[in-house]
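Let's take a walk through a protein model together. Have a look at it first, and then we'll go from spot to spot.

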Amino acid sequence: MPEAFLDNSLWRNIYCVLAGDSSTCAARDYSSGFFPAGMEWLAFLVSAAIIIFLIVNAVLGGVIVLIWGERRLFGRFQSRTGPNRWGPFGTLTSVADAVKTMFKEDLVPAEADKILFNLAPVLIAAPALTVFAIIPWGVGTYVADLNIGVLFIMAITSLTTLSVLTAAWSSANRIAILSALRSVALLISYEIPMALALVGVIMLAGSMSLGDIIAAQGIPFIIVQPLAFFVFFIAAMAEMARAPFDLTEAESELAAGYLNDYASMKFGLFFLAEFMAEISTAAIVTTLFLSGWKGFDPIPSHFWFGAKLIFVLFVIIWFRMTLPRLRVDQVLKFAWKGLFELTMINIIVTAVLLAILPNPSTSELWIMAAINWPVAIISIWGVSKLLGTAPYSHPQPDPNAPSYPVGSESIPTDAVLGAEPSNAANQAPQAQQEGGN
Amino acid sequence: MTTPWSGSTLAKAIEAFAPGSVESSAGADVWVKPDSISTVCEGLKSRPEFKFDLLSSLTAVDYIDHFEVVYHLTSLPMNASAVLKAKVGRGRTEASVPSVVPIWRGADYQEREVWDLMGIRFEGHPNHKRIMLWEGYPGHPLRKDYVTYDQSITLSIPDDATEKLGGDE
Amino acid sequence: MIGLGLPRGFLITLKNFVRPPVTEQYPDRHVGLLGAAKEAGMNPVHFLFKRPGDSIKAIAGLATVPVAVTQSSRFRGNEFTFYEDRCTACASCAKYCPLGIIEIASVPGQIDAQEGESYKLEVFDIDIGRCMFCGLCVEACPYDALHMGTDFERSKYVRDELVITKEELFAAPKRPSAFYRPQFEEKRFDPFQETIDDYHNAGRHERPSDEELKRKWVDER
Amino acid sequence: MAVKTQPVTVNLGPQHPSTHGVFRMRVMFDGEEIVDVEPVFGYLHRGSEKLAEERTYTQIVTLTDRMDYVSSMLNNQAYILAVEKLAGIEPSPRGVWLRMIAGELQRIASHLVATGFLLQDLGALGTPLIYSMRERENILDLFEMLCGARITNSYLRPGGVFMDAPGEFWPALDRGLDDIVRSIDDLETYLSGNEIVFSRTKGTAVLPQELLINASITGPMLRASGVDWDLRHRAPYDYYDRISFERKLHTASDNYARYWVRVQEARESVNIIRQCIDQIEPGPVRPSFDDVPRLIRPPSGDAYAAIEGSKGELGFYLVSDGGIAPYRMHVRSSSLINLTLLRDMLIGGQFGDLFVTFGSVDLNMGEVDR
């Protein structure tokens with residue numbers, strides 16, 4: 001049995017309480033355990049089950065809190081109060097919603113492919129939960145520290161689109177299929193800049209493991225890699241289909257899109273998955289760019305992680321509240337023509353810097369930041385110039401446009417009376433005055 | 001200030017380019033013969049002394065013995081307005097009038113509405129269908145002789161049958 | 001300018017984020033400790049020690065205080081105010097109602113039967129379920145007997161219960177709206193605070209006294 | 001490489017979050033591109049014109065409230081003007097000023113609603129909508145002071161209004177106007193320079209001037225194409241001839257221009273109301289019942305009166321046979337007629353722009369179907 005996992009405080013504290021008699025735990029000051037010696041495999045299984053239970057429930061509880069918090073924040077952004085009736089400050093509102101959702105009638109459309117229709121909510125919820133396995137919540141608090149952590153995130157989050165497509169296809173609804181096609185297009189387009197944006201981070205850290213990336217952040221990578229952060233943040237917003245990229249749900253166009261035919265707890269699972277994706281995205285951004293659980297000493301690492309997470313969530317909600325939605329072609333164009341180039345610039349610049357300063361120390365990271373920021377600003381400006389086809393600088397009407405002739409004083413109708421049509425034709429232009437007052 | 005054409009002046013002016021099309025005129029109104037509506041409207045729109053480029057409103061009134069289609073025209077270049085009327089369907093039979101959609105596209109929905117609610121056909125309308133009510137709706141509600149569905153049921157069914165219907169409750 | 005529009009938008013939403021919400025809560029408002037203390041008429045510290053239970057509730061965000069409606073005195077509510085004594089059963093209201101939902105039946109009254117001035121009201125039903133509160137009946141009433149009311153909490157489970165009868169009208173609290181009744185506004189009458197129970201105070205025209213009626217009756221002969 | 005695709009027909013509506021009421025469109029898509037649109041009307045048809053034939057002239061005011069329920073004051077105004085024209089009623093000056101103030105307030109409210117819903121259709125999750133609805137609430141509060149109702153006002157009567165404004169109305173109006181100007185500034189900072197709004201609305205659904213006029217389209221849609229046609233200026237009704245105001249014109253005639261014109265018109269309406277406040281004179285607000293009785297019996301004949309409504313030329317055509325009820329009432333509803341070019345605007349566009357274009361027409365189903 002590998003012993004490296006005992007470095008993880010979450011595992012150690014549960015496993016060694018169960019199987020403290022083993023030599024490996026005794027070496028770490030655990031005197032006695034619940035299971036006798038030789039039963040380490042059972043202790044391992046039980047502690048794994050406990051950890052899964054803890055993480056799943058923590059995430060679901062977090063989702064409930066997030067739904068409440070998001071609605072409160074929505075309210076404040078829109079100068080409303082938000083939910084405040086049920087429970088202290090309305091905190092029980094989302095609990096009540098959850099209960100209501102569970103007790104609603106579960107409808108399945110007659111034309112639907114029943115098996116796939118029921119499978120899709122599970123397919124969307126499972127990967128959304130799986131991502132949380134590798135997120136380090138604090139010092140040594142994680143389920144697993146994969147050495148391909150970043151790849152794992154990319155792979156798992158892509159599964160969402162598969163389940164969206166499954167849901168749309170199985171519900172046999174044209175609007176849902178339109179929405180699913182948008183979802184696939186979004187995924188294919190944004191997966192690439194998202195992955196490429198992370199290349200810079202991986203190059204700096206020299207590893208794909210999230211633990212190593214946090215360790216490498218002498219200063220948060222948002223300062224060293226502004227361009228990568230910019231691209232990653234936007235791509236992540238698009239990946240989880242939140243405004244301004246909420247094309248798949250597009251309330252005002254598709255009226256919930258692929259969710260159209262779902263009711264009851266199946267809908268609830270989609271809803272949960274969406275908010276879990278929001279939390280996991282915020283956690284990944286925190287880990288990769290805001291130096292994860294790192295902070296100043298007297299305050300514990302979990303607090304630092306939580307505070308950064310909440311801040312990122314706030315920014316995501318702020319974005320969602322402020323920006324209108326982009327159109328599909330604009331979104332795709334933005335990914336391929338804008339973000340893709342930015343990531344390429346970022347990779348090249350980072351590679352050059354790393355060739356000059358291999359294995360950068362903290363002060364060398366500051367030097368890199370000093371170079372990266374001007375590069376980021378200039379390249380963002382340049383790319384937006386390339387992308388911007390509409391003349392943004394002229395919201396005012398064009399003074400040279402032709403104006404339709406509108407007479408201010410009406411012609412004396414007697415002038416036409418009895419006159420020959422040819423004469424009237426001559427008179428008419430005199431009577432009409434162009435656009436005067 | 002938009003000046004309305006007086007009926008008699010407009011009638012003379014119309015007669016000048018489309019002889020024999022005016023039926024009568026009074027006040028601000030000119031009654032045009034239904035079959036010459038197209039010619040008159042085309043002239044009013046395109047001729048330089050009128051330039052009625054905006055069809056403000058198109059509607060119809062049921063005067064029991066005939067229907068009257070009313071056109072309110074506005075000229076933006078001249079800042080003038082005029083009222084054209086056409087008496088159609090005398091004796092309530094086969095009320096129809098040429099469509100002005102080829103001249104003013106603004107007449108599209110208005111003519112469909114008049115057909116739907118008043119039952120006047122517009123010959124040559126590109127999409128001559130009901131607009132507010134569904135296809136197969138019985139009758140045209142804005143006609144004065146229209147009997148509502150409920151009324152028609154109670155009128156047509158004899159009393160004992162009505163009682164039988166009511167007795168099911 | 002490229003790129004400055006979006007940040008400006010973010011600043012506007014942030015500005016609205018920090019300004020107090022405009023929501024008006026009804027029928028009660030959630031208050032914190034300060035609000036609860038103010039409602040109880042104590043200073044917060046005093047409140048905290050004197051009533052610890054309520055204080056904990058207030059801190060937990062569970063304390064509520066009732067909200068007074070802030071509405072114009074011309075508000076057309078759905079509970080009418082009716083002064084039977086002023087009514088002559090002329091049925092102007094019923095005639096003027098666009099929907100014909102006021103039902104009136106009257107018999108010659110006992111009081112002034114010989115003058116023919118007064119009729120006793122037998123039925124006076126208003127079908128609120130179909131009423132659209134246009135106020136034309138109130139406008140039509142020549143003796144200011146019928147007024148729009150200012151109460152509005154009249155939801156029922158059965159449609160038939162939406163019909164307001166004469167008895168119900170007469171028993172209801174008399175909070176007439178100032179809609180089409182300028183005399184209330186001149187008197188600065190606030191229907192949300194006070195009531196007018198005496199019908200003499202509710203109209204423009206006072207009902208003529210018996211002597212006056214008699215004199216008029218005799219003089220005109 | 002050409003991908004072989006097959007168009008798909010989708011039914012949007014009658015219940016859809018963005019159809020501004022109950023409206024249905026059968027849309028044929030080729031991918032995201034709109035190939036064909038067929039609008040289906042009538043889900044809110046209540047037969048107002050038929051109902052009017054058995055109601056007295058005053059009672060019909062309540063029907064007009066319910067046609068375009070976001071600008072009922074303007075509906076009242078158009079209807080009352082037609083009645084006055086038909087019956088030859090000379091309105092009381094103070095009543096006219098009051099109904100002009102009410103009408104312009106209603107125009108601001110209507111334009112705010114149009115702007116808010118346009119942005120909602122653009123996908124902003126309610127924020128601009130709620131900002132504009134918040135300002136509209138203040139206007140509705142003013143209406144409640146005037147007539148006791150917020151939406152279905154029925155404030156106007158033949159010859160004026162039914163009741164003078166209360167004393168507290170005037171200071172509240174002053175405050176409200178300042179607030180409106182401030183909030184329009186905010187709204188413009190928030191949206192008029194927003195790149196996403198730009199890129200979504202610029203150059204979409206462009207309509208040439210000649211086509212607009214030929215299709216009888218009036219109001220902000222026409223002015224967004226650069227045609228200086230505003231009935232308040234060209235055919236002044238009430239006392240608009242005593243008021244100087246600017247007609248805001250845009251030339252692009254796209255969705256952005258229509259949005260821009262509405263915002264600027266709301267600003268201009270504040271200006272008009274300020275002039276009305278300066279010029280309002282004391283006096284009765286409606287003629288005495290000897291001059292204008294409750295039951296009006298206009299002489300036989302017909303009358304058409306139109307005002308510049310919030311959505312375009314709003315006209316009422318009344319025919320009288322000398323009785324207490326109109327023989328025929330017809331509403332020239334700007335919402336319905338402004339939809340004439342819907343197909344031209346939508347076909348060839350993107351699905352994402354469908355409801356934006358639809359919202360930029362600024363229609364109200366209560367007025368389309370009546």
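Let's begin in chain B, with Ile37(B), which you'll find in helix 2, the stretch covering residues 37-46. Keep in mind as you look around that this is a predicted model. Is Ile37(B) buried or exposed? Its relative accessible area is 0%, so Ile37(B) is buried, a label that applies to anything under 20%.

What, then, does Ile37(B) touch, if we skip residues up to four places away in sequence? Its contacts are Val32(B), Tyr71(B), Ala86(B), Val97(B), Pro98(B) and Val100(B). Take Val97(B) from that list: it sits 60 residues away from Ile37(B) along the chain, yet the two C-alpha atoms are separated by just 7.6 Å.

While you're in chain B, swing over to Trp115(B). Arg121(B) lies over the face of this ring, 4.6 Å from the ring centre. You can find a similar arrangement in chain C, where Lys174(C) lies over the face of Tyr83(C), with 5.7 Å to the ring centre.

Now for chain A and a residue called Trp86(A). Look for Trp86(A) in the loop that runs between helix 3 (40-77) and helix 4 (93-103) of chain A. Its relative accessibility is 51%, and because the cut-off for exposed is over 50%, Trp86(A) counts as exposed. Trp86(A) also has partners out there: together with Leu92(A), Val95(A), Val99(A), Met102(A) and Phe103(A), it makes a nonpolar surface patch of about 630 Å².

Our last stop is about rings meeting rings. How many aromatic pairs does the structure hold over all chains? The count is 37. One of them is Phe314(A) with Phe17(C), an edge-to-face pair with 5.5 Å from centre to centre and 65° between the planes. This pair crosses between chains: Phe314(A) belongs to helix 12 (residues 301-322) of chain A, while Phe17(C) belongs to helix 1 (residues 5-18) of chain C.

Trp318(A) and Phe10(C) make another edge-to-face pair, at 5.5 Å centre to centre and with 85° between the planes. Why does this pair join two chains? Because Trp318(A) lies in helix 12 of chain A and Phe10(C) lies in helix 1 of chain C. Both of these residues are buried.

Finally, step back and view these rings together. Phe314(A), Trp318(A), Phe10(C) and Phe17(C) are among the members of one aromatic cluster, which also includes Phe77(A), Phe229(A), Phe232(A), Phe233(A), Phe289(A) and Phe319(A).

Notes
Residues numbered from 1 in each chain as written. Chains lettered and ligands numbered in written order. Predicted model: local features only at pLDDT ≥ 70, side-chain atom pairs only at ≥ 80, totals over all residues. Heavy atoms only, no water. Phe/Tyr/Trp six-rings, centres within 6.5 Å; stacked < 30°, edge-to-face > 60°. Helix = DSSP H or I, 4+ residues; strand = E, 2+ residues; numbered from the N terminus. Buried < 20%, exposed > 50% of the residue type's maximum accessible area, 1.4 Å probe, protein only. Lys NZ or Arg CZ within 6 Å of the ring centre and 35° of its normal. Patch = residues over 30% accessible without salt bridge, like charges linked within 9 Å, V, L, I, M, F, W, Y side chains within 5 Å. Areas by Shrake-Rupley, 256 points an atom, 1.4 Å probe, with all protein chains shown as cover. Salt bridge = Lys/Arg side-chain N within 4 Å of Asp/Glu carboxyl O. Contact = heavy atoms within 4.5 Å.
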